[in-house]
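Hi,

Here is the structure I said I would pass on. Have a look at it first, and then read my notes below.

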Amino acid sequence: MIERFLKQTHFSSEEDFKEHLHFIIPENFNFAYDVMDAWAEEKPDKLALLWTSERGEEVRATFADLKEQTDRTAAYFQSLGIGHDDKVMLILKRHYQWWLSMLALCKIGAVAIPATHMLTAKDIAYRNQRASIKAIVCCNDSYVTSQIQEAMAESPTVRTLIAVNSLVEGDKPVPQGFHDWHKEWPQAPRFHRPEHVNTNEDTMLMYFTSGTSGEPKMVAHDHLYALGHLTTGVFWHNLDENSIHLTVADTGWGKAVWGKLYGQWFAGATVFVYDHEKFTAEKIMRAMEKYRITSFCAPPTIYRFMIQEDFSRYDLSALRYCTTAGEALEPAVYKKFYDLTGIKMMEGFGQTETTMTLGSFPWTEPKPGSMGKPNPQYDICLLKPDGTPCEDGEKGEICVHVGDRKPLGLFKGYYRDEELTQKAWNHGIYHTGDLAWRDEDGYYWFVGRADDVIKSSGYRIGPFEVESALMTHPAVVECAVTGVPDEVRGMVVKATVVLAAEWKDKQGDALIKELQNHVKHETAPYKYPRVIEFVDELPKTISGKIRRVEIREKDSEAKA
């Protein structure tokens with residue numbers, strides 16, 4: 001499959017990859033037709049999707065099965081008046097129908113807008129208005145459907161609501177005003193491919209990215225975004241047709257298309273899904289054991305919980321390759337996981353606005369805590385605030401040089417917000433807003449968001465540096481480092497810490513002192529947290545990212 005889209009398909013070294021990664025870009029590329037239906041023709045009986053749930057459900061879909069089912073879904077959507085460029089929001093948790101919907105919308109040239117099931121009515125109304133959403137396909141969950149119903153009074157563009165039962169729920173009634181997928185989908189007419197589906201420049205996918213402050217931005221991706229993820233699945237995840245890959249991500253997050261859709265099916269791998277309501281390390285690890293998962297990807301938070309488990313209780317012998325992204329990886333987590341499994345975690349970095357821009361590839365020896373090296377798909381640079389390049393060892397903003405041709409995988413812009421687009425993407429440079437430094441071997445090391453850096457007594461301190469040091473202490477499960485105002489130093493470092501269960505009854509001055517001294521020994525002493533607060537959980541965005549801005553706001557209010 002990948003030979004259709006790459007001039008060279010195998011690489012032996014970083015130099016080989018950098019010099020010879022060249023894409024063949026088809027005219028009017030469409031992932032659903034040019035990859036998925038092509039697999040259905042080439043290898044119809046190959047297992048494409050192995051979907052399971054904590055409710056005991058299991059679906060094994062071949063590429064031929066997916067072609068038939070996505071054709072039916074496309075016809076179903078067309079029968080409800082959904083067509084080219086219509087905006088369709090998908091609030092489907094990890095339901096099987098999310099995959100059918102994503103591919104079906106691609107087949108008719110409509111725009112998919114995945115969203116989390118945790119949205120409130122206000123959130124939904126905001127998205128409906130900003131994107132002129134025409135239809136919503138959602139799980140038949142009482143919270144989700146009630147929030148959608150409440151949002152309808154402020155959603156004039158929405159014409160169609162579709163509720164989807166889980167497989168085990170079957171004939172559960174849907175609320176008034178919703179179409180019933182379970183009853184109507186089997187009766188869909190025969191699908192006829194539209195005469196014109198899309199150009200490469202047409203919008204295929206949009207995400208409302210939550211950010212850590214302000215209203216969500218609408219990130220618009222064209223149809224070539226899917227092709228940009230070929231490197232994610234084939235080279236970063238290191239997948240092939242024999243792989244069974246699990247990425248832990250809700251389908252409302254951008255990470256879902258990184259690990260549960262595009263790149264994995266370029267490789268011809270089997271995408272494994274475990275549909276569950278609440279994450280526990282035991283549930284995931286039991287599923288990995290039962291289904292012989294060979295490749296695994298999750299944010300560092302998931303690995304933090306996994307290494308608290310007794311690995312002798314699980315048979316993970318099929319596991320060969322592990323990757324991580326979504327937030328920075330602490331070296332302590334890397335080391336503990338390696339000690340338990342013998343597997344080196346390969347870190348990657350990217351944003352909702354991009355595919356993977358930095359990563360550790362199979363031919364790269366990972367450095368624990370490093371994001372790896374640039375994906376040659378992008379022209380990466382580190383820039384100082386004045387726009388000049390950083391030397392090795394200097395902290396700067398991760399940026400992408402954009403020449404005459406937009407890099408494959410980079411977003412089109414922020415939908416209906418030219419001012420915000422210009423702020424992030426100007427003078428041929430896309431600014432990620434993330435800070436890093438590069439070592440003498442070309443590896444990049446995360447520092448933090450540009451607006452998270454703490455300036456204390458003339459020092460610039462990245463929160464991740466302190467968090468990494470804290471995470472090497474056995475008492476710490478999670479932590480967030482922020483700055484708090486100080487009359488003498490301007491700002492001082494504060495750590496908000498979630499303790500491991502066996503340490504919770506040891507909270508107090510003695511443990512604070514122990515953690516402070518620990519940081520002084522793990523990193524430069526000036527970085528140690530002068531303030532430590534113990535909490536039961538950290539504030540996070542609906543996509544799971546730590547909201548340091550909320551901690552700062554709370555501290556400011558307390559001081560006032």
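Let me start with a strand pairing: β10 (residues 244-247) and β11 run parallel and are joined by 3 bridges. In that pairing, isoleucine 244 sits opposite threonine 270 of β11. Before I go on, please keep in mind that this is a predicted model.

β11 has another partner as well. Strand β1 (residues 47-53) pairs with β11 in the parallel sense, over 5 bridges, and threonine 52 stands opposite tyrosine 274 there. β11 itself (residues 270-275) is mostly covered, with 6 of its 6 residues buried. Thr270, Phe272 and Tyr274 point one way from the strand, while Val271, Val273 and Asp275 point the other way.

Next, the cores. The largest nonpolar core has 84 residues, and Phe31 and Trp265 have the most contacts inside it. Which helix gives the most to this core? It is α4 (residues 97-108), with 9 residues. A second, separate core holds 54 residues, including Met288, Met306, Leu470 and Ala500.

Phe31 is worth clicking on. Leaving aside residues up to four places away in sequence, phenylalanine 31 touches Met36, Leu103, Cys106, Ala226, Leu261, Tyr262, Trp265 and Phe266. Phe31 also turns up where two helices meet: the axes of α2 (residues 31-42) and α4 come within 8 Å and cross at roughly 125 degrees. An angle between 115 and 145 degrees counts as oblique, so α2 is oblique to α4. On the α2 side the contact is made by Phe31, Ala32, Tyr33, Met36 and Asp37, and on the α4 side by Leu103, Cys106 and Lys107.

Now the charged pairs. Searching the whole structure gives 36 salt bridges. Here are three pairs to look at, plus a network.

Lysine 134 and aspartate 86 meet through their side chains at 3.2 Å, N to O. Lysine 134 is in the loop between α5 (121-131) and β5 (135-139), and aspartate 86 is in the loop between α3 (63-79) and β3 (87-91), so this salt bridge ties together parts that are 48 residues apart in sequence. Buried or partly exposed: which is lysine 134? With a relative accessible area of 24%, lysine 134 is partly exposed, whereas aspartate 86, at 17%, counts as buried.

Arginine 292 forms a salt bridge with aspartate 315, with 3.3 Å between the closest N and O atoms. The two are 23 residues apart and link distant parts of the chain: arginine 292 is in the loop between α12 (281-290) and β12 (295-297), and aspartate 315 is in the loop between α13 (300-306) and β13 (321-324). Both ends are partly exposed, arginine 292 at 37% relative accessibility and aspartate 315 at 36%.

For aspartate 439 and lysine 367, the closest N and O atoms of the salt bridge are 2.9 Å apart. Aspartate 439 lies in the loop between β21 (429-438) and β22 (444-449), and lysine 367 in the loop between β15 (356-359) and β16 (370-374), so the pair ties together parts 72 residues apart in sequence. Aspartate 439 is buried at 5% relative accessibility, while lysine 367 is partly exposed at 24%. As for the network, Asp37, Lys67, Asp71 and Lys107 are joined into one by salt bridges that share partners.

There is also a 3-stranded open sheet, in the order β25-β26-β27, with mixed pairing. Its edge strands are β25 (476-486) and β27 (531-535), each pairing on one side only. On average, neighbouring strands of the sheet are turned by 25 degrees against each other, direction ignored. β26 (residues 490-499) pairs with β27 in the parallel sense over 5 bridges, and lysine 494 stands opposite valine 531 of β27. Two helices lie across these strands. α16 (residues 463-471) lies across β25 and β26 and runs at about 140 degrees to β25. α17 (residues 509-522) lies across β25, β26 and β27, at about 120 degrees to β27.

One last residue, threonine 199. Threonine 199 is in the loop between α7 (181-184) and β8 (203-209) and, at 23% relative accessibility, counts as partly exposed. Beyond residues up to four places away in sequence, threonine 199 touches Asn28 and His223.

Cheers

How values were computed
Residues numbered from 1 in each chain as written. Predicted model: local features only at pLDDT ≥ 70, side-chain atom pairs only at ≥ 80, totals over all residues. Heavy atoms only, no water. Helix = DSSP H or I, 4+ residues; strand = E, 2+ residues; numbered from the N terminus. Buried < 20%, exposed > 50% of the residue type's maximum accessible area, 1.4 Å probe, protein only. Contact = heavy atoms within 4.5 Å. Core = buried A, V, L, I, M, F, W, Y, C linked by side-chain atoms within 4.5 Å. Salt bridge = Lys/Arg side-chain N within 4 Å of Asp/Glu carboxyl O. Pairing = 2+ DSSP bridges. Axes fitted to C-alpha atoms, helices over the stretch in contact; angles between N-to-C directions. Parallel < 35°, antiparallel > 145°, perpendicular 65-115°, else oblique.
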